[in-house]
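Please walk me through this structure stop by stop. I have it open in a viewer and want to know what to select next and what is there.

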Number of protein chains: 2
Amino acid sequence: MKKFINDPYQMVDEMVEAFIQVHSDKVKKAADTRAIVRKDAPKKGKVGIVSGGGSGHKPAFVGFIGQGMLDAVAVGEIFTSPPPNAVLEAVEAVDGGKGVLFLLGNYAGDVMNFELAAQLAKARGIEVAQSISTDDISGFPPQQAHMRRGVVGSMFCWKAAGAKAEAGGSLAECKEVADRMNRNTRSIGVALGPCTIPAKGAPTFELQDDEIEYGVGHHGEPGMRKDKLDTVDNLTAQMTKDVIADLPFRNGDRAALMINGLGGTPAIELYLAYRKARQTAESLGISVEISLVGQYFTALEMAGYSVTLAKLDEGLENLLRAPADTCMFKMPA
Amino acid sequence: MKKFINDPYQMVDEMVEAFIQVHSDKVKKAADTRAIVRKDAPKKGKVGIVSGGGSGHKPAFVGFIGQGMLDAVAVGEIFTSPPPNAVLEAVEAVDGGKGVLFLLGNYAGDVMNFELAAQLAKARGIEVAQSISTDDISGFPPQQAHMRRGVVGSMFCWKAAGAKAEAGGSLAECKEVADRMNRNTRSIGVALGPCTIPAKGAPTFELQDDEIEYGVGHHGEPGMRKDKLDTVDNLTAQMTKDVIADLPFRNGDRAALMINGLGGTPAIELYLAYRKARQTAESLGISVEISLVGQYFTALEMAGYSVTLAKLDEGLENLLRAPADTCMFKMPA
């Protein structure tokens, strides 16, 4: 295993230390746990937006803390859920008296630990709601969409709900926005190869020289199937059509399109994927109104990318376009 | 070779097409060549800042086009200098009557092609000056600093000169700022492995499982030496000390510190490197006033990073902190 690390069991603490140093204008560390909190929290009269999950996905989750997105993040070990006490400390740090919304991806450990934290928070008189994202179309058919994993499409939920909270929305309104954004969002990922979790030291899957993993998850989970490597145009056209058919998106829909790099893929390749995804969407009458190309939710060094499309209504579009000023993402982008 | 591409000889054109689509709020394509130009260029009475070089380094160069940094970039093939006619078209597109400053790295092909373009521009009555960055300490000793390659430290020169131009500086003043920034800036890079140029299909160098390349360039050029892989702390301490000794930085100096990912290195590892680089600098009495951690100048998918330190005086610090709003970088960051 070739990595730039020290002790694999210390690396998250070391990262948190450095992250706070670099972004000290925007964030602070919670007192007792590995929760990272927006510097000006709690904001009285604003719904607190809390997310979290395993490490190794940067910019997610901590990079999106700041004005217009997340108020706090509970930080877990690499690809491992944060413990309930970190989530609880995040809640207490951002509670401005109007309730706290959990935005999380659909992973058993995250759901369980956030639920425990929610119970503890409620016992302390803090109102908590949650919205769970399920944008990854691989793994389960549309009838079982609620069973699907949440991947980078979660970011649209954070952006929309964060903007709603910033605009004074109630807890119920912020939750409704996140739920609606999630219902409108679909993603699919591919990878040229695996990633290696430092504490394990072994690749998450194996591929032949001419193979790709189609439908890969952002923990390096194997995908729906192994396919032969093809041109980025053919591959992206297939991914985009699969995403479009799943919602389904229809002729005349307005959409946000995001190409997300999974860690090891050069930016130039992400722009090639964007070009074809946009062509494919437009050829089916879907207009791309908001475009994001970059690394937003990674899986360590995995070489791969995902295509995410989100159907926009006027409300969601305005929330996605609203200003955001976070550690590693701004809007306008 | 496993990559998400179509024809290697079409990929730069395809990237340019997509880049313009994604960043249409900030940039436009020049009419005849692969030059990308700030949307509101030319700005009357402002020095034009032009850079350029090979592709495969994103965000560099095109990602830094926008308010407060670059006005235009001439885009070459992967790791290949742009032709003089693209540079000339960039010059003509940004000439606001106050002259144009070329900011380029010290590579024979770039220097030659920009020099040819400068002659053509002068023949058309446009005043041109240039500043060549040489921040990479590997390859040549301090007495031959002018022979060194320019790597990611160039970005500080773009930032400072771009801010000076935005503030109404003259061509001579903008050049002086870039030259001074370059004299104050030192970088060193390491890599765990090579990158593969798509049109060649073979890795740029080979390493054993326990080896790193120390002093690597951002085209995947082999470095000063092959070292054994060590902890990120030991490696970063060595890199930082080498950079500090070279200028030399002194006790009491104020500095900007940048950790740049070379493409394939996860963000979490970059933060670990930042932590140790900052510790090392501070232990020698150097205060870190500006911090940047991320991918700014990459070498396709190469797994590696660099440490850059720039000595600040009051003028340079203010210019680095001045607002920038470019396609892929903003200040405040």
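Is B:D136 buried or exposed? At 1% relative accessibility, B:D136 counts as buried, because the limit for that class is under 20%. Bear in mind throughout that the model is a predicted one.

**Stop 1: B:D136 and B:V151**

Select B:D136 and show the chain around it. B:D136 sits in the loop of chain B that runs between β7 and α4. Setting aside neighbours within four places in sequence, B:D136 has contacts with B:R148, B:R149, B:V151, B:S187 and B:V216. For a distance check, draw a line from B:D136 to B:T185: the C-alpha atoms are 8.8 Å apart in space, with the two positions 49 residues apart in sequence.

Next select B:V151, one of the contacts of B:D136. B:V151 belongs to the loop between β7 (128-133) and α4 of chain B. With a relative accessible area of 7%, B:V151 is buried. Apart from residues up to four places away in sequence, B:V151 touches B:Y107, B:D135, B:D136, B:S187, B:H218 and B:F297. A longer line can be drawn from B:V151 to B:L316, where the C-alpha atoms are 19 Å apart and the separation in sequence is 165 residues.

**Stop 2: aromatic pairs**

B:F297, among the residues that B:V151 touches, leads to the rings. Over all chains, the structure holds 18 aromatic pairs. One of them joins B:F61 and B:F297: the pair is edge-to-face, with 5.4 Å from centre to centre and 75 degrees between the planes. B:F61 is in the loop between β3 (48-55) and β4 (66-67) of chain B, and B:F297 is in the loop between β12 (287-294) and β13 (304-311) of chain B, so the pair ties together parts that are 236 residues apart in sequence. Both rings belong to buried residues: B:F61 has 9% relative accessibility, and B:F297 has a relative accessible area of 3%.

Now select B:F64 and B:W158. Their ring centres are 5.5 Å apart and their planes stand at 55 degrees, so this pair is tilted. B:F64 is in the loop between β3 and β4 of chain B, while B:W158 is in helix α4 (residues 154-166) of chain B; the pair links distant parts of the chain, 94 residues apart. B:F64 is buried at 0% relative accessibility, and B:W158 is buried with a relative accessible area of 2%.

Switch to chain A for a cluster of rings. Ring pairs link A:F61, A:F64, A:W158, A:Y296, A:F297 and A:F329 there.

**Stop 3: α6 and α7 of chain A**

Stay in chain A and colour α6 (residues 232-246) and α7. The axes of the two helices are 8 Å apart and the helices pack at an angle of about 50 degrees; α6(A) and α7(A) are therefore oblique to each other. The crossing of α6(A) past α7(A) is right-handed. To show the contact, select A:V232, A:D233, A:T236, A:A237, A:T240, A:K241 and A:I244 on α6(A), then A:L272, A:A273, A:R275, A:K276, A:A277, A:T280 and A:A281 on α7(A). Sorted by class, the contact has seven nonpolar, three polar and four charged residues.

**Stop 4: A:R278 and the other chain**

A:R278 is in helix α7 (residues 267-283) of chain A. At 17% relative accessibility, A:R278 counts as buried. Which residues does A:R278 contact, leaving aside its neighbours within four places in sequence? The contacts are A:L257, A:V288, A:S291 and, in chain B, B:Q21.

**Stop 5: α1 of chain A against α7 of chain B**

Select α1 (residues 11-22) of chain A and α7 (residues 267-283) of chain B. Their axes come within 8 Å and cross at roughly 70 degrees; α1(A) and α7(B) are therefore roughly perpendicular to each other. α1(A) makes a left-handed crossing past α7(B). Residues in the contact include A:M15, A:F19 and A:V22 of α1(A), and B:Y271, B:L272 and B:R278 of α7(B). By class, the contact has nine nonpolar, two polar and four charged residues.

**Stop 6: A:R321**

End at A:R321, in helix α8 (residues 314-321) of chain A. A:R321 is partly exposed, with a relative accessible area of 42%. Neighbours within four places aside, A:R321 is in contact with A:K159, A:E289, A:I290 and A:M331. From A:R321 to A:M155 the C-alpha distance is 13 Å, at a separation of 166 residues in sequence.

Technical notes: Residues numbered from 1 in each chain as written. Chains lettered and ligands numbered in written order. Predicted model: local features only at pLDDT ≥ 70, side-chain atom pairs only at ≥ 80, totals over all residues. Heavy atoms only, no water. Axes fitted to C-alpha atoms, helices over the stretch in contact; angles between N-to-C directions. Helix = DSSP H or I, 4+ residues; strand = E, 2+ residues; numbered from the N terminus. Parallel < 35°, antiparallel > 145°, perpendicular 65-115°, else oblique. Left-handed = near helix turned anticlockwise from the far one by under 90°. Contact = heavy atoms within 4.5 Å. Nonpolar A, V, L, I, M, F, W, Y, C, P; charged D, E, K, R; others polar. Phe/Tyr/Trp six-rings, centres within 6.5 Å; stacked < 30°, edge-to-face > 60°. Buried < 20%, exposed > 50% of the residue type's maximum accessible area, 1.4 Å probe, protein only.
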